[in-house]
Amino acid sequence: MLFISGKNNIFAGNYKKVMSETKIITSQYIEIEQTPAGVGERIFARVIDYIIIFLYMYGMFHFFDRFIGFNGGESALLTFFAFYLPAVFYSLLWEVFNNGRSPGKMLFKMRVVMQDGSTPDTAAYFMRWILLFIDVWMSWIGILVILLNKNNQRFGDIAAGTMVIKERDYKSIHVSLDEYDYLSKNYRPVFPQAENLSLEQVNTLSEALARFDSNRHARITLLTSKVKDFLKINTDIEDTVFLSTLLRDYQYFALEEI
């Protein structure tokens, strides 16, 4: 069961800034917080993405004009697929294949997640993309919705159940909390080096262990060798047990940061 509430933090400096945070209490009674990206950051990130789209289309226009030409038939079809489709599907493709991050979001260290902190599926990304046209063409309404929403969600986010958060929160919330039960209160990590793993590396380990095919043994052996070399770990623990232990240790450190 999942409960979501909101609160405000005030940071003092040369000025005062109020930033909304979403608090999540999981069924294991673990409390985690994620900070929604500000409307200004989201606008600037969108501008960066539009600049990239413009540069792409500008470059493709001159390429076609010089080498192919804008004629009918096969040339028109090629123009459609190479010129228009990548621009139209820009946001959807980047978010689906880059873990919720477009270049603009990467620059401003933001990421799309579900409201409970989990990774969106393709359907959620698609819903955000479809409603992006409303949010963009009715931009003043879209901005107003973000400003009036405690999680800074636009129409697409509300419909998809997603939100854009600051990247620094992602490691803390993107942990398999449903597996928290096997980490007892007295659990102590076996390999402290696990704290140095990146989220992408952890995902690679998880995917390798989850796949059961004819190449599993060779894949696990090779991956274990690379991990030991990268983390400077010397152990005789069986490869599968070693990787599983490393994931538990990473989870321990991630939860410690919450």
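# A guided tour of the cores, a helix and a pocket

Start by selecting the largest nonpolar core, a set of 22 residues in which Leu197, Leu205, Val227, Phe242, Leu243, Leu246 and Tyr250 have the most contacts. Helix H9 (199–210), H10 and helix H11 (239–256) each supply at least two residues of this core. Of these, H11 gives the most, with 8 residues. As you look around, keep in mind that this is a predicted model.

**Stop 1: Leu246, inside the core**

Now pick Leu246 and show what surrounds it. Which residues is Leu246 in contact with, leaving aside its neighbours within four places in sequence? They are Phe191, Ala194, Leu197, Leu205, Val227, Leu231 and Ile233. Apart from this core lies another one, made of 8 residues, among them Ala45, Val112, Tyr125 and Val164. Keep Val112 and Tyr125 in mind, as both are in contact with a residue on a later stop, Glu95.

**Stop 2: helix H10, end to end**

Next, select residues 216–231, which form helix H10. This helix has 16 residues and reaches 22 Å from its first C-alpha to its last, close to the 22 Å expected at 1.5 Å a residue. Colour its buried residues: Arg216, Arg219, Ile220, Leu223, Thr224, Val227, Lys228 and Leu231. Turn the view so that you look down the axis of H10, and these buried residues fall within an arc of 155°, so they line one face of the helix. An α-helix has 3.6 residues a turn, so residues three or four places apart point the same way. Now find the face of H10 turned away from the buried side, where the exposed residues Ala218, Lys226 and Asp229 sit.

**Stop 3: the loop after H10**

Follow the chain onward and select Lys232, just after H10. Lys232 belongs to the loop between H10 and H11. Its phi is near 60°, a positive value in a residue other than glycine. Is Lys232 buried or exposed? At 67% relative accessibility, Lys232 counts as exposed.

Stay in the loop between H10 and H11 and move to Thr235. Thr235 is buried, with a relative accessible area of 15%, which is under the 20% cut-off for that label. Leaving aside its neighbours within four places in sequence, Thr235 is in contact with Phe191, Lys228 and Phe242. Two of those names may look familiar: Lys228 is among the buried residues of H10, and Phe242 is one of the residues with the most contacts inside the largest core. You can also draw a distance line from Thr235 to Phe191, where the C-alpha atoms are separated by 10.0 Å although the residues are 44 apart along the chain.

**Stop 4: Glu95 and Ala123**

Jump to helix H3 (residues 90–97) and select Glu95. How does Glu95 count at 3% relative accessibility, buried or exposed? Glu95 counts as buried. Leaving aside its neighbours within four places in sequence, Glu95 is in contact with Gly100, Arg101, Lys105, Val112, Tyr125 and Arg128.

Now select Ala123, which is found in helix H5. Ala123 is exposed, with a relative accessible area of 53%. Add Val96 to the selection: Ala123 and Val96 are 27 residues apart in sequence and 9.7 Å apart in space, C-alpha to C-alpha.

**Stop 5: the second largest pocket**

Turn next to the second largest pocket, which has a volume of about 340 Å³. The pocket is lined by 19 residues, and Arg42, Ile43, Arg46, Asp135 and Ile146 lie nearest its centre. To see which helices frame it, show helix H1 (39–68), helix H5 (122–137) and helix H6 (139–148), each of which supplies at least two residues of the lining. Which helix gives the most to this lining? That is H1, with 8 residues.

**Stop 6: Asn152**

Continue to the loop between H6 and helix H7 (155–160), and select Asn152. Asn152 has a positive phi of about 55° although it is not a glycine. At 16% relative accessibility, Asn152 counts as buried.

**Last stop: the whole chain**

Finally, zoom out and show the full chain, with its 11 helices and 5 strands. Buried residues make up 41% of the 258 residues in the chain. Among contacts with a separation of 6 or more, 64% are between residues 24 or more positions apart.

Technical notes. Residues are numbered from 1 along each chain as its sequence is written. This is a predicted model: local features need pLDDT of at least 70, side-chain atom pairs count only at pLDDT 80 or more; totals for chains, interfaces and linings use all residues. Side-chain values use heavy atoms; hydrogens and water are left out. Helices (H or I, at least four residues) and strands (E, at least two) are DSSP runs, numbered from the N terminus. Buried means under 20% relative accessible area, exposed over 50%, partly exposed in between (1.4 Å probe, protein chains only). Contact means heavy atoms within 4.5 Å. The expected span of a helix is 1.5 Å times one less than its number of residues. The arc is that of the directions from the helix axis to the C-beta atoms. A nonpolar core is a set of buried Ala, Val, Leu, Ile, Met, Phe, Trp, Tyr and Cys residues joined through side-chain atoms within 4.5 Å. On a 1 Å grid over the protein atoms alone, a cavity is a set of points where a 1.4 Å probe fits but cannot get out, and a pocket is an open set with protein on both sides within 12 Å along at least five of seven lines; lining residues have an atom within 4 Å of a point. Grid points are joined across faces, edges and corners, and a volume is the space filled by probe spheres set on the points.
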